[in-house]
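Work through the exercises below with the sequence and the model side by side. Each task is followed by a solution that goes step by step.

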Amino acid sequence: MQKAKDRITVFEHEILRFDKGEKQITKDQYLALEKYCGEGVPYFNLIHNGVRFNEYVGVLQVGKTVIEVLPKADKLSIGVEVEDKWRKMLIDMLRVVGSFDIKSTSDSHLKIKPNTILDLYFELFIKEVEYLLHKGLVKQYRKKEGNVNALKGSIQFGKHIQKNLSHQERFYVRHSTYDIEHKLHLILYKTICVLNRINTNTDLHGRIGALLLHFPEMPELKITHSAFEKINLTRKTGQYKKAIEISKLILLQYHPDVSKGRNDVIALMFDMNLLWEKYIFVTLRKIKGSNTQVTAQTSKSFWQPKSGSRSKIRPDIKVVHGDKTYILDTKWKNLNGSNPTPDDLRQMYVYHEYYKAEKVALVYPGSETSHVKGRFIEPLSEDVSSKQCGVISIEAMETIKSWGIKIQEGFLEWMEEESE
(Lines give C-alpha, C1' and ligand atoms only; values in the text may rest on other atoms or scores of the structure.)
Protein backbone atom coordinates (compact mmCIF):
# COMPACT_ATOMS: atom_id res chain seq x y z
CA MET A 1 0.00 0.00 0.00
CA GLN A 2 1.07 3.61 -0.48
CA LYS A 3 2.67 5.34 2.45
CA ALA A 4 0.67 8.24 3.85
CA LYS A 5 3.46 10.72 3.08
CA ASP A 6 3.27 9.75 -0.60
CA ARG A 7 -0.34 10.89 -0.88
CA ILE A 8 -1.95 14.25 -0.16
CA THR A 9 -5.75 14.46 -0.07
CA VAL A 10 -7.49 17.80 -0.50
CA PHE A 11 -10.96 18.96 -1.44
CA GLU A 12 -11.85 21.17 -4.41
CA HIS A 13 -10.94 24.85 -3.96
CA GLU A 14 -8.37 24.04 -1.25
CA ILE A 15 -4.82 25.44 -1.29
CA LEU A 16 -1.49 23.60 -1.22
CA ARG A 17 1.74 25.54 -0.57
CA PHE A 18 5.37 24.58 -0.09
CA ASP A 19 6.15 27.13 2.63
CA LYS A 20 3.34 26.64 5.14
CA GLY A 21 0.20 24.69 5.93
CA GLU A 22 -0.65 21.33 7.50
CA LYS A 23 -0.51 19.73 4.05
CA GLN A 24 2.45 20.76 1.93
CA ILE A 25 4.10 20.03 -1.39
CA THR A 26 7.83 20.44 -2.00
CA LYS A 27 9.24 23.39 -3.90
CA ASP A 28 10.33 21.05 -6.73
CA GLN A 29 6.76 19.73 -6.97
CA TYR A 30 5.43 23.28 -7.05
CA LEU A 31 7.83 24.12 -9.90
CA ALA A 32 6.67 21.01 -11.79
CA LEU A 33 3.03 22.07 -11.33
CA GLU A 34 3.92 25.61 -12.34
CA LYS A 35 5.41 24.32 -15.59
CA TYR A 36 2.41 22.05 -16.12
CA CYS A 37 0.01 24.95 -15.51
CA GLY A 38 1.83 26.91 -18.20
CA GLU A 39 0.45 24.46 -20.75
CA GLY A 40 -3.06 25.82 -20.14
CA VAL A 41 -4.56 23.25 -17.77
CA PRO A 42 -7.73 24.35 -15.91
CA TYR A 43 -7.33 22.13 -12.84
CA PHE A 44 -5.74 24.71 -10.53
CA ASN A 45 -4.51 28.29 -10.36
CA LEU A 46 -1.07 29.39 -9.25
CA ILE A 47 -0.85 31.51 -6.10
CA HIS A 48 2.13 32.76 -4.10
CA ASN A 49 4.23 29.68 -3.27
CA GLY A 50 1.36 27.32 -4.00
CA VAL A 51 -1.70 26.29 -5.98
CA ARG A 52 -5.43 26.71 -5.47
CA PHE A 53 -7.55 23.89 -6.92
CA ASN A 54 -10.62 24.62 -9.02
CA GLU A 55 -13.84 22.64 -9.51
CA TYR A 56 -11.92 19.74 -11.05
CA VAL A 57 -11.55 16.55 -9.03
CA GLY A 58 -9.49 13.41 -9.44
CA VAL A 59 -5.77 12.76 -9.19
CA LEU A 60 -2.60 14.70 -9.98
CA GLN A 61 0.59 12.69 -9.55
CA VAL A 62 3.83 14.65 -9.31
CA GLY A 63 6.83 12.32 -9.22
CA LYS A 64 5.90 9.68 -6.64
CA THR A 65 3.51 11.94 -4.73
CA VAL A 66 -0.20 11.55 -5.45
CA ILE A 67 -2.37 14.63 -4.92
CA GLU A 68 -5.98 13.52 -4.66
CA VAL A 69 -8.62 16.22 -5.16
CA LEU A 70 -12.07 15.19 -3.91
CA PRO A 71 -15.50 16.80 -4.36
CA LYS A 72 -17.41 18.05 -1.35
CA ALA A 73 -20.99 19.25 -1.19
CA ASP A 74 -21.78 19.17 2.52
CA LYS A 75 -20.69 20.96 5.69
CA LEU A 76 -19.10 17.94 7.34
CA SER A 77 -15.80 18.63 9.08
CA ILE A 78 -12.62 17.49 7.39
CA GLY A 79 -11.36 14.05 8.41
CA VAL A 80 -10.52 10.55 7.25
CA GLU A 81 -14.18 9.46 7.30
CA VAL A 82 -15.22 12.43 5.17
CA GLU A 83 -12.39 11.75 2.72
CA ASP A 84 -13.37 8.07 2.47
CA LYS A 85 -17.01 9.02 1.85
CA TRP A 86 -16.25 11.44 -1.00
CA ARG A 87 -13.55 9.21 -2.51
CA LYS A 88 -16.09 6.40 -2.78
CA MET A 89 -18.78 8.83 -3.94
CA LEU A 90 -16.55 10.13 -6.74
CA ILE A 91 -15.63 6.65 -7.97
CA ASP A 92 -19.28 5.59 -7.86
CA MET A 93 -20.40 8.71 -9.74
CA LEU A 94 -17.88 7.94 -12.47
CA ARG A 95 -19.23 4.39 -12.63
CA VAL A 96 -22.81 5.63 -12.94
CA VAL A 97 -22.10 8.07 -15.77
CA GLY A 98 -19.90 5.55 -17.60
CA SER A 99 -16.56 7.36 -17.41
CA PHE A 100 -15.13 3.90 -16.96
CA ASP A 101 -16.65 0.45 -17.18
CA ILE A 102 -15.87 -1.43 -13.99
CA LYS A 103 -16.41 -4.70 -15.87
CA SER A 104 -13.35 -5.43 -17.97
CA THR A 105 -13.40 -7.40 -21.21
CA SER A 106 -12.44 -10.52 -19.32
CA ASP A 107 -15.57 -10.01 -17.18
CA SER A 108 -13.71 -10.51 -13.91
CA HIS A 109 -13.47 -8.35 -10.81
CA LEU A 110 -10.63 -6.03 -10.00
CA LYS A 111 -8.28 -7.54 -7.42
CA ILE A 112 -7.23 -4.51 -5.36
CA LYS A 113 -9.14 -1.92 -3.41
CA PRO A 114 -8.13 1.30 -5.18
CA ASN A 115 -6.45 4.01 -3.11
CA THR A 116 -7.30 6.57 -5.79
CA ILE A 117 -8.98 6.80 -9.19
CA LEU A 118 -5.50 6.50 -10.70
CA ASP A 119 -5.04 3.04 -9.15
CA LEU A 120 -8.43 1.99 -10.50
CA TYR A 121 -7.61 3.02 -14.05
CA PHE A 122 -4.15 1.45 -13.83
CA GLU A 123 -5.51 -1.90 -12.71
CA LEU A 124 -8.30 -1.84 -15.26
CA PHE A 125 -5.69 -1.29 -17.98
CA ILE A 126 -3.48 -4.09 -16.60
CA LYS A 127 -6.48 -6.44 -16.52
CA GLU A 128 -7.33 -5.64 -20.13
CA VAL A 129 -3.77 -6.25 -21.39
CA GLU A 130 -3.49 -9.48 -19.37
CA TYR A 131 -6.67 -10.64 -21.11
CA LEU A 132 -5.32 -9.69 -24.57
CA LEU A 133 -2.09 -11.59 -23.92
CA HIS A 134 -4.06 -14.62 -22.77
CA LYS A 135 -6.25 -14.54 -25.90
CA GLY A 136 -3.26 -13.95 -28.20
CA LEU A 137 -2.19 -10.65 -29.74
CA VAL A 138 -3.82 -9.83 -33.06
CA LYS A 139 -1.64 -9.63 -36.19
CA GLN A 140 -2.14 -7.00 -38.88
CA TYR A 141 -0.66 -6.14 -42.26
CA ARG A 142 1.75 -3.19 -42.34
CA LYS A 143 4.14 -1.61 -44.81
CA LYS A 144 7.82 -2.33 -44.19
CA GLU A 145 10.87 -0.87 -45.93
CA GLY A 146 14.47 -2.06 -45.83
CA ASN A 147 17.16 -4.40 -47.17
CA VAL A 148 16.27 -8.03 -47.83
CA ASN A 149 18.19 -10.91 -49.40
CA ALA A 150 15.31 -11.99 -51.69
CA LEU A 151 13.37 -9.67 -53.95
CA LYS A 152 9.79 -9.12 -52.76
CA GLY A 153 7.43 -6.19 -52.94
CA SER A 154 8.54 -3.09 -54.86
CA ILE A 155 12.19 -2.16 -55.16
CA GLN A 156 13.07 1.42 -54.14
CA PHE A 157 15.72 2.23 -56.76
CA GLY A 158 17.07 5.43 -55.23
CA LYS A 159 17.78 3.91 -51.82
CA HIS A 160 18.77 0.58 -53.38
CA ILE A 161 21.58 2.22 -55.31
CA GLN A 162 22.56 4.38 -52.32
CA LYS A 163 22.76 1.51 -49.82
CA ASN A 164 23.66 -1.53 -51.92
CA LEU A 165 26.26 -0.33 -54.41
CA SER A 166 28.79 -2.77 -52.92
CA HIS A 167 26.18 -5.38 -51.86
CA GLN A 168 24.60 -6.67 -55.04
CA GLU A 169 23.11 -9.64 -53.19
CA ARG A 170 20.70 -7.30 -51.33
CA PHE A 171 17.54 -5.51 -52.41
CA TYR A 172 16.08 -2.36 -50.81
CA VAL A 173 12.33 -2.89 -51.06
CA ARG A 174 8.98 -1.82 -49.67
CA HIS A 175 6.67 -4.72 -48.92
CA SER A 176 3.79 -5.82 -46.72
CA THR A 177 4.32 -7.96 -43.64
CA TYR A 178 1.83 -9.65 -41.34
CA ASP A 179 2.84 -9.48 -37.69
CA ILE A 180 2.04 -8.01 -34.25
CA GLU A 181 4.13 -4.85 -34.68
CA HIS A 182 1.32 -2.37 -35.38
CA LYS A 183 -0.04 0.82 -33.83
CA LEU A 184 -2.36 -0.82 -31.28
CA HIS A 185 0.51 -2.75 -29.72
CA LEU A 186 2.90 0.22 -29.93
CA ILE A 187 0.40 2.25 -27.89
CA LEU A 188 -0.17 -0.51 -25.33
CA TYR A 189 3.57 -1.10 -24.91
CA LYS A 190 4.16 2.64 -24.44
CA THR A 191 1.46 2.71 -21.74
CA ILE A 192 2.99 -0.27 -19.91
CA CYS A 193 6.37 1.52 -19.88
CA VAL A 194 4.77 4.71 -18.51
CA LEU A 195 2.97 2.73 -15.79
CA ASN A 196 6.22 1.06 -14.84
CA ARG A 197 7.74 4.54 -14.40
CA ILE A 198 4.96 6.30 -12.47
CA ASN A 199 3.04 3.62 -10.55
CA THR A 200 3.25 4.01 -6.77
CA ASN A 201 0.88 1.21 -5.70
CA THR A 202 3.00 -1.76 -4.59
CA ASP A 203 0.09 -4.14 -5.24
CA LEU A 204 0.49 -3.43 -8.97
CA HIS A 205 4.30 -3.49 -9.29
CA GLY A 206 4.54 -7.25 -9.90
CA ARG A 207 1.79 -7.31 -12.50
CA ILE A 208 3.29 -4.38 -14.43
CA GLY A 209 6.67 -6.15 -14.38
CA ALA A 210 5.03 -9.32 -15.70
CA LEU A 211 3.46 -7.34 -18.56
CA LEU A 212 6.85 -5.89 -19.51
CA LEU A 213 8.28 -9.41 -19.49
CA HIS A 214 5.56 -11.03 -21.59
CA PHE A 215 4.51 -8.20 -23.91
CA PRO A 216 6.73 -8.08 -27.03
CA GLU A 217 9.07 -5.10 -27.06
CA MET A 218 7.93 -2.47 -29.54
CA PRO A 219 9.58 0.52 -31.27
CA GLU A 220 9.11 3.98 -29.78
CA LEU A 221 5.94 5.79 -30.89
CA LYS A 222 5.34 9.53 -30.50
CA ILE A 223 1.92 9.87 -28.89
CA THR A 224 -0.41 12.65 -30.04
CA HIS A 225 -4.17 13.10 -30.32
CA SER A 226 -3.94 12.23 -34.02
CA ALA A 227 -2.40 8.84 -33.17
CA PHE A 228 -5.68 7.85 -31.52
CA GLU A 229 -7.96 9.60 -34.00
CA LYS A 230 -6.61 7.43 -36.84
CA ILE A 231 -7.40 4.15 -35.05
CA ASN A 232 -10.27 2.20 -36.58
CA LEU A 233 -11.16 -0.90 -34.59
CA THR A 234 -12.63 -3.79 -36.55
CA ARG A 235 -14.54 -6.84 -35.42
CA LYS A 236 -11.20 -8.57 -35.09
CA THR A 237 -9.65 -5.82 -32.92
CA GLY A 238 -12.78 -4.72 -31.04
CA GLN A 239 -11.48 -6.38 -27.87
CA TYR A 240 -8.76 -3.69 -27.72
CA LYS A 241 -11.29 -0.87 -27.24
CA LYS A 242 -11.15 -0.54 -23.44
CA ALA A 243 -7.35 -0.86 -23.22
CA ILE A 244 -6.86 1.77 -25.95
CA GLU A 245 -9.34 4.14 -24.26
CA ILE A 246 -7.40 3.95 -20.98
CA SER A 247 -4.09 4.29 -22.85
CA LYS A 248 -5.39 7.48 -24.43
CA LEU A 249 -6.43 8.82 -21.04
CA ILE A 250 -3.04 8.07 -19.50
CA LEU A 251 -0.64 8.92 -22.34
CA LEU A 252 -2.24 12.23 -23.33
CA GLN A 253 -2.23 13.38 -19.70
CA TYR A 254 1.35 12.26 -18.99
CA HIS A 255 3.96 15.02 -18.90
CA PRO A 256 7.47 13.66 -18.25
CA ASP A 257 10.02 15.80 -16.42
CA VAL A 258 12.73 15.97 -19.09
CA SER A 259 14.97 18.28 -17.07
CA LYS A 260 15.40 16.49 -13.73
CA GLY A 261 13.51 13.26 -14.33
CA ARG A 262 12.06 13.18 -10.81
CA ASN A 263 8.78 15.04 -11.09
CA ASP A 264 6.79 13.60 -13.99
CA VAL A 265 3.20 14.86 -13.90
CA ILE A 266 0.11 12.85 -14.80
CA ALA A 267 -3.44 14.09 -14.30
CA LEU A 268 -6.76 12.27 -14.32
CA MET A 269 -9.12 15.12 -13.51
CA PHE A 270 -12.85 15.56 -14.05
CA ASP A 271 -14.94 18.72 -14.25
CA MET A 272 -17.43 18.40 -11.37
CA ASN A 273 -19.96 20.65 -13.13
CA LEU A 274 -20.02 18.26 -16.08
CA LEU A 275 -19.94 15.16 -13.87
CA TRP A 276 -22.85 16.47 -11.76
CA GLU A 277 -24.85 17.23 -14.92
CA LYS A 278 -24.27 13.73 -16.31
CA TYR A 279 -25.07 12.11 -12.98
CA ILE A 280 -28.39 13.97 -12.66
CA PHE A 281 -29.26 13.08 -16.27
CA VAL A 282 -28.48 9.36 -15.88
CA THR A 283 -30.35 9.27 -12.55
CA LEU A 284 -33.50 10.89 -13.94
CA ARG A 285 -33.49 8.59 -16.97
CA LYS A 286 -33.99 5.68 -14.58
CA ILE A 287 -37.39 7.03 -13.46
CA LYS A 288 -39.99 4.49 -14.51
CA GLY A 289 -42.83 5.72 -16.66
CA SER A 290 -43.54 5.32 -20.36
CA ASN A 291 -44.86 8.88 -20.72
CA THR A 292 -41.66 10.53 -19.44
CA GLN A 293 -38.76 11.32 -21.79
CA VAL A 294 -35.46 12.70 -20.47
CA THR A 295 -32.91 14.16 -22.90
CA ALA A 296 -29.63 16.04 -22.43
CA GLN A 297 -28.24 19.09 -24.25
CA THR A 298 -31.30 19.64 -26.48
CA SER A 299 -30.37 22.70 -28.54
CA LYS A 300 -32.63 25.37 -30.00
CA SER A 301 -31.77 28.26 -32.34
CA PHE A 302 -31.57 31.55 -30.45
CA TRP A 303 -30.05 34.25 -32.71
CA GLN A 304 -29.43 34.70 -36.43
CA PRO A 305 -26.72 37.09 -37.66
CA LYS A 306 -27.08 38.79 -41.05
CA SER A 307 -24.49 36.36 -42.39
CA GLY A 308 -23.15 33.23 -40.79
CA SER A 309 -24.53 30.44 -38.66
CA ARG A 310 -27.15 30.72 -35.93
CA SER A 311 -26.36 30.78 -32.23
CA LYS A 312 -28.07 28.14 -30.12
CA ILE A 313 -29.14 27.71 -26.51
CA ARG A 314 -28.71 24.35 -24.87
CA PRO A 315 -30.10 23.55 -21.40
CA ASP A 316 -28.55 20.69 -19.46
CA ILE A 317 -31.66 18.50 -19.18
CA LYS A 318 -35.07 18.55 -20.84
CA VAL A 319 -37.90 16.41 -19.44
CA VAL A 320 -41.13 15.86 -21.36
CA HIS A 321 -43.88 14.37 -19.19
CA GLY A 322 -47.08 13.85 -21.13
CA ASP A 323 -47.71 17.16 -22.91
CA LYS A 324 -45.64 19.25 -20.49
CA THR A 325 -41.98 20.27 -20.75
CA TYR A 326 -39.64 20.84 -17.81
CA ILE A 327 -36.13 22.31 -18.04
CA LEU A 328 -33.34 21.65 -15.53
CA ASP A 329 -29.93 23.28 -15.31
CA THR A 330 -27.38 21.73 -12.95
CA LYS A 331 -24.80 23.67 -10.94
CA TRP A 332 -22.10 22.06 -8.81
CA LYS A 333 -21.94 24.44 -5.88
CA ASN A 334 -23.52 24.77 -2.47
CA LEU A 335 -25.74 27.86 -2.26
CA ASN A 336 -25.74 27.76 1.56
CA GLY A 337 -29.05 29.65 1.67
CA SER A 338 -28.10 32.28 -0.92
CA ASN A 339 -30.02 33.06 -4.09
CA PRO A 340 -28.77 31.86 -7.49
CA THR A 341 -26.72 34.38 -9.45
CA PRO A 342 -28.58 36.81 -11.74
CA ASP A 343 -26.77 35.23 -14.72
CA ASP A 344 -28.13 31.78 -13.86
CA LEU A 345 -31.65 33.16 -13.40
CA ARG A 346 -31.52 35.09 -16.69
CA GLN A 347 -30.47 31.88 -18.42
CA MET A 348 -33.44 30.02 -16.91
CA TYR A 349 -35.83 32.78 -18.05
CA VAL A 350 -34.68 32.29 -21.63
CA TYR A 351 -35.12 28.51 -21.35
CA HIS A 352 -38.64 28.98 -19.97
CA GLU A 353 -39.56 31.25 -22.87
CA TYR A 354 -37.96 29.36 -25.75
CA TYR A 355 -38.94 25.83 -24.70
CA LYS A 356 -42.46 26.84 -23.62
CA ALA A 357 -41.74 25.07 -20.35
CA GLU A 358 -44.29 24.33 -17.66
CA LYS A 359 -41.55 25.36 -15.24
CA VAL A 360 -37.79 25.37 -14.90
CA ALA A 361 -35.37 24.70 -12.05
CA LEU A 362 -31.74 24.99 -11.03
CA VAL A 363 -30.42 21.84 -9.36
CA TYR A 364 -27.63 22.04 -6.76
CA PRO A 365 -25.99 19.66 -4.28
CA GLY A 366 -26.53 20.76 -0.71
CA SER A 367 -26.13 20.10 2.99
CA GLU A 368 -29.87 19.51 3.19
CA THR A 369 -32.69 18.79 0.77
CA SER A 370 -34.84 21.81 0.00
CA HIS A 371 -36.95 23.29 -2.75
CA VAL A 372 -37.37 27.04 -3.08
CA LYS A 373 -40.30 28.09 -5.24
CA GLY A 374 -39.99 31.23 -7.29
CA ARG A 375 -41.45 33.16 -10.20
CA PHE A 376 -40.08 35.61 -12.70
CA ILE A 377 -41.17 39.25 -12.65
CA GLU A 378 -43.07 40.82 -15.56
CA PRO A 379 -40.69 43.35 -17.19
CA LEU A 380 -43.23 46.19 -17.64
CA SER A 381 -45.67 45.92 -14.75
CA GLU A 382 -43.13 44.40 -12.32
CA ASP A 383 -45.90 42.04 -11.18
CA VAL A 384 -45.13 38.42 -10.36
CA SER A 385 -45.60 36.41 -13.57
CA SER A 386 -46.85 32.86 -14.08
CA LYS A 387 -43.39 31.67 -15.16
CA GLN A 388 -42.04 29.40 -12.42
CA CYS A 389 -38.36 28.87 -11.65
CA GLY A 390 -37.47 26.64 -8.72
CA VAL A 391 -34.22 26.07 -6.85
CA ILE A 392 -33.74 22.42 -5.91
CA SER A 393 -30.98 21.42 -3.47
CA ILE A 394 -30.34 17.72 -2.93
CA GLU A 395 -28.65 16.63 0.29
CA ALA A 396 -25.51 14.54 -0.22
CA MET A 397 -26.31 11.05 1.08
CA GLU A 398 -23.97 8.35 2.38
CA THR A 399 -24.06 6.24 -0.79
CA ILE A 400 -24.48 6.98 -4.47
CA LYS A 401 -27.57 4.74 -4.61
CA SER A 402 -29.36 6.55 -1.81
CA TRP A 403 -28.38 9.90 -3.34
CA GLY A 404 -29.86 8.82 -6.66
CA ILE A 405 -33.15 7.84 -5.01
CA LYS A 406 -33.22 11.20 -3.21
CA ILE A 407 -32.69 13.05 -6.51
CA GLN A 408 -35.50 11.12 -8.22
CA GLU A 409 -37.89 11.76 -5.33
CA GLY A 410 -37.00 15.46 -5.22
CA PHE A 411 -37.55 15.90 -8.94
CA LEU A 412 -40.90 14.06 -8.99
CA GLU A 413 -42.11 16.08 -6.01
CA TRP A 414 -41.14 19.33 -7.74
CA MET A 415 -42.65 18.29 -11.06
CA GLU A 416 -45.97 17.11 -9.65
CA GLU A 417 -46.64 19.83 -7.11
CA GLU A 418 -49.44 22.24 -7.96
CA SER A 419 -48.75 25.84 -8.90
CA GLU A 420 -49.43 28.39 -6.17
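A residue is called buried when its relative accessible area is under 20%, exposed when it is over 50%, and partly exposed in between, with a 1.4 Å probe and protein chains only. Helices (H or I, at least four residues) and strands (E, at least two) are DSSP runs, numbered from the N terminus. The model is predicted, so that local features need pLDDT of at least 70 and side-chain atom pairs count only at pLDDT 80 or more, while totals for chains, interfaces and linings use all residues. Residues are numbered from 1 along each chain as its sequence is written, and side-chain values use heavy atoms, with hydrogens and water left out.

**Exercise 1. Describe helix 11 by its span and by the burial of its residues.**

Step 1. Helix 11 covers residues 400-416, which makes 17 residues, and from its first C-alpha to its last it reaches 24 Å. This is close to the expected 24 Å, a span defined as 1.5 Å times one less than the number of residues.

Step 2. The buried residues of this helix are I400, W403, G404, I407, G410, F411, W414 and M415. Seen down the axis of helix 11, they fall within an arc of 130 degrees, so they line one face of the helix; the arc is that of the directions from the helix axis to the C-beta atoms.

Step 3. On the other side of helix 11 one finds K401, E413 and E416, which are exposed.

**Exercise 2. Which aromatic partners does W414 have in Y326 and F411, and how are the rings arranged?**

Step 1. Rings of Phe, Tyr and Trp (its six-membered ring) pair if their centres lie within 6.5 Å; planes under 30 degrees apart count as stacked, over 60 as edge-to-face and the rest as tilted. By this rule the count comes to 15 aromatic pairs.

Step 2. The ring centres of Y326 and W414 are 5.7 Å apart and the planes stand at 70 degrees, so this pair is edge-to-face. Because Y326 belongs to strand 16 (residues 324-330) and W414 to helix 11, the pair ties together parts that are 88 residues apart in sequence. Y326 has 4% relative accessibility and therefore counts as buried, and W414, at 2%, counts as buried too.

Step 3. F411 and W414 form a tilted pair, with 5.8 Å from centre to centre and 40 degrees between the planes. Both residues lie in helix 11, 3 residues apart, which is about one turn of the helix.

Step 4. Ring pairs also link W86, W276, Y279, W332 and W403 into a cluster, and W403 is one of the buried residues of helix 11.

**Exercise 3. Locate salt bridges that link distant parts of the chain, and state the burial of each partner.**

Step 1. Side chains of opposite charge can pair when their charged atoms come close. The criterion here is a side-chain nitrogen of Lys or Arg within 4 Å of a carboxyl oxygen of Asp or Glu, and by this rule the count comes to 19 salt bridges.

Step 2. K23 forms a salt bridge with E83, the closest N and O atoms being 3.8 Å apart. K23 lies in the loop between strand 2 (15-17) and helix 1 (27-37), whereas E83 lies in helix 2 (residues 80-97), so the pair ties together parts that are 60 residues apart in sequence. K23 counts as partly exposed at 27% relative accessibility, while E83, at 14%, counts as buried.

Step 3. E398 and K85 meet through their side chains in a salt bridge of 3.9 Å, N to O. E398 is in the loop between strand 20 (384-395) and helix 11, and K85 is in helix 2, so the parts tied together are 313 residues apart in sequence. With a relative accessible area of 59%, E398 is exposed, but K85 counts as buried at 11% relative accessibility.

Step 4. R207 forms a salt bridge with E123, in which the closest N and O atoms are 2.9 Å apart. This pair links distant parts of the chain, with R207 in helix 6 and E123 in helix 3 (residues 117-135), 84 residues apart. R207 and E123 are both buried.

Step 5. Salt bridges that share partners join R7, E68, D84 and R87 into one network.

**Exercise 4. Place D203 in the model.**

Step 1. D203 lies in helix 6 (residues 202-214), and at 38% relative accessibility it counts as partly exposed.

Step 2. D203 and D119 are 84 residues apart in sequence, and their C-alpha atoms are 9.7 Å apart in space.
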